[in-house]
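Trainee: I'm new to this one and a bit lost. Could you pick a single part, look at it closely with me, and then show me how it fits in with the rest?

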Amino acid sequence: QVQVAESGGGSVQAGGSVTLSCVVSGGTFSRYSMGWFRQVLGKEREFVGAINWSGSKISYADSVKGRFTISRDNAKNTVPLQMNSLKPEDTAVYYCAAALGDGPIAMSRFYDYWGQGIPVTVSS
């Protein structure tokens with residue numbers, strides 16, 4: 001059974017930085033493309049960024065491009081999300097997800113496994 005777990009969330013002031021980590025267990029990590037999504041209460045889950053199985057292809061939502069960076073370490077089964085220059089509108093619960101296939105994949109419905117989510121709060 002594949003399990004996905006996020007860590008590293010918290011509260012930060014606008015302009016600050018936070019790094020989220022995602023670790024995948026129970027499967028062959030290199031078979032999965034990975035994605036980060038976020039959701040605000042009452043709104044739909046929103047694509048943040050995704051990375052293919054090898055790390056050679058990465059895509060970002062326009063709202064985070066230039067501020068957020070996704071990477072992956074296939075030896076450690078991890079997918080960090082480095083978030084810089086944070087804004088209050090980045091406040092959300094952030095989710096990591098795994099999808100079988102190459103990617104990067106922006107649509108949430110193609111993801112097979114999801115973490116529980118971790119909150120990030122950016123104060124002005």
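Mentor: Sure, and one term first: two residues are in contact when heavy atoms of theirs lie within 4.5 Å. Keep in mind, too, that this is a predicted model.

Let's pick Asn77, which sits in the loop between E7 and E8. Setting aside neighbours within four places in sequence, Asn77 is in contact with Cys22, Val23, Val24 and Phe29. Take the Cys22 contact: Asn77 and Cys22 are 55 residues apart in sequence, yet their C-alpha atoms are 8.2 Å apart in space. Is Asn77 buried, exposed or something in between? Its relative accessible area is 22%, and buried means under 20% while exposed means over 50%, so Asn77 counts as partly exposed. The backbone is worth a look as well: phi of Asn77 is near 60°, a positive value in a residue that isn't glycine.

Stay in that loop a little longer and you reach Pro80, placed between strand E7 (68–70) and strand E8 (81–83). Pro80 is partly exposed too, at 25% relative accessible area. Beyond four places in sequence, its contacts include Thr19, Leu20 and Ser21, and also among them are Trp36, Thr69 and Ile70. Compare that with a pair set by distance: Pro80 and Ile58 are 22 residues apart in sequence, and 13 Å separates their C-alpha atoms.

Now follow Cys22, the contact partner of Asn77. Where does Cys22 lead? A disulfide joins Cys22 to Cys96, with 2.0 Å from S to S. Cys22 lies in strand E3 (residues 18–25) and Cys96 in strand E9 (residues 92–100), so the pair ties together parts that are 74 residues apart in sequence. Both Cys22 and Cys96 are buried. The angle about the S-S bond is -80°, and the link is left-handed. If you go hunting for others, a search of the whole structure finds 1 disulfide.

Asn77 has some company in its backbone angle. Ser85 also shows a positive phi, near 50°, and it isn't glycine either. You'll find Ser85 in the loop between E8 and E9, and at 40% relative accessibility it counts as partly exposed. Another backbone detail comes further along: a cis peptide bond joins Gly103 and Pro104, with omega about 0°. Pro104 belongs to the loop between E9 and strand E10 (113–114).

Let's zoom out to see what surrounds our loop. The protein chain has 11 strands and 0 helices. The radius of gyration is 13 Å, and a compact globule of 124 residues would have one near 14 Å, so the two agree. Along the principal axes, the C-alpha atoms fill a box of roughly 40 × 25 × 25 Å. Of the 124 residues, 39% count as buried.

The contact between Asn77 and Cys22 spans 55 residues of sequence. How does that fit the chain as a whole? Among contacts between residues at least 6 apart in sequence, 59% join residues at least 24 apart. As for the outside, the accessible surface comes to about 6300 Å², with 49% belonging to carbon and sulfur atoms. On charges, there are 11 positive and 9 negative side chains, and the centres of the two sets lie 2 Å apart.

Methods:
Residues numbered from 1 in each chain as written. Predicted model: local features only at pLDDT ≥ 70, side-chain atom pairs only at ≥ 80, totals over all residues. Heavy atoms only, no water. Helix = DSSP H or I, 4+ residues; strand = E, 2+ residues; numbered from the N terminus. Rg over C-alpha atoms; globule rule 2.2 N^0.38 Å. Buried < 20%, exposed > 50% of the residue type's maximum accessible area, 1.4 Å probe, protein only. Areas by Shrake-Rupley, 256 points an atom, 1.4 Å probe, with all protein chains shown as cover. Lys, Arg positive; Asp, Glu negative; His and termini not counted. Charge placed at Lys NZ, Arg CZ, Asp CG, Glu CD. Disulfide = S-S within 2.5 Å.
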